Amino acid sequence: MAAKVPAKLILLTGPPGVGKTTLVQKACSALMECNIPVQGFYTEEVRHSGRRTGFDVVTLCGNRGPLARVEGGDDTVGTTQRQYRVGQYNVKLNAFEQTALPVLRVPPSSAPVPVIVIDEVGKMEMFSTTFVQTVRSLVSRSDTTILATIPIPKGRPIALVEELRSKKDAQLFEISKSNRDSILPEIVSAVQLSRKSQSYQK
């Protein structure tokens with residue numbers, strides 16, 4: 001899908017397991033080879049004995065924290081214990097925020113501003129109001145390019161996902177098994193075009 005204007009919000013969507021995270025990782029490597037700074041996180045499956053038992057958040061600088069587990073996802077908020085669940089998974093909200101939120105902050109002195117990578121904006125992440133506010137704040141900036149993954153529409157719409165999808169300056173790439181091995185150059189080019197457009201505006 002071609003963007004009407006140079007997109008500053010590049011979105012990848014597609015069914016679970018199609019390869020969105022792998023494409024994000026490859027895109028980050030390609031951008032860094034072009035001396036374009038990147039900052040953010042991706043989500044990685046956790047498996048034991050061939051069975052998926054949860055997800056971790058992994059930052060581009062190498063830090064890792066649990067996002068969700070099949071068991072033991074209770075977070076303690078003050079003296080009240082609360083459970084955040086998505087399907088069979090218990091979301092580790094505190095650990096997610098401690099790992100992911102710091103790499104979504106752009107220091108005022110950053111020059112150039114790094115490409116912000118968010119894999120993903122989904123149901124689990126929506127439990128964090130701070131995450132939602134942070135994403136909205138990043139999207140509102142005129143000097144920031146965002147590369148993010150979002151789930152395909154299924155069941156009840158996720159407000160923030162639909163908000164991002166409908167942005168005029170968003171470009172959506174639908175990832176499938178048939179295009180996942182060939183679409184990387186288009187994604188990287190979209191990010192580079194966004195960066196060039198922002199530099200012209202300064």
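In the predicted model, Asn35 adopts a positive phi of about 60° just after helix H1. The helix itself comprises 14 residues, spanning residues 20–33. From its first C-alpha to its last, H1 reaches 20 Å, close to the 20 Å expected at 1.5 Å a residue. Its buried residues are Lys20, Leu23, Val24, Ala27, Cys28 and Leu31. Viewed down the axis of H1, these residues fall within an arc of 140° and so line one face of the helix. In general, an α-helix has 3.6 residues a turn, so residues three or four places apart point the same way.

The largest nonpolar core contains 37 residues, and those with the most contacts inside it are Phe41, Ile118 and Phe131. Helix H3 (residues 129–140) contributes the largest share of this core, namely five residues. Beyond residues up to four places away in sequence, Ile118 touches Phe41, Leu104, Phe131, Val135, Leu138, Ile146, Leu147, Ala148 and Thr149. A second, separate core of 20 residues includes Cys28 together with Ile10, Ile36 and Ile187; Cys28 is also among the buried residues of H1.

Glu125 is located in the loop between strand E9 (115–118) and H3. This residue is buried, with a relative accessible area of 2%. When neighbours within four places in sequence are set aside, Glu125 is in contact with Thr43, Leu67, Phe96, Glu120 and Phe131. Of these partners, Leu67 is 58 residues from Glu125 along the chain, and the C-alpha atoms of the two residues are separated by 8.5 Å. Another partner, Phe131, is listed with Phe41 and Ile118 as having the most contacts inside the largest nonpolar core.

Methods. Residues numbered from 1 in each chain as written. Predicted model: local features only at pLDDT ≥ 70, side-chain atom pairs only at ≥ 80, totals over all residues. Heavy atoms only, no water. Helix = DSSP H or I, 4+ residues; strand = E, 2+ residues; numbered from the N terminus. Expected span 1.5 Å × (residues − 1). Buried < 20%, exposed > 50% of the residue type's maximum accessible area, 1.4 Å probe, protein only. Arc of directions from axis to C-beta. Core = buried A, V, L, I, M, F, W, Y, C linked by side-chain atoms within 4.5 Å. Contact = heavy atoms within 4.5 Å.
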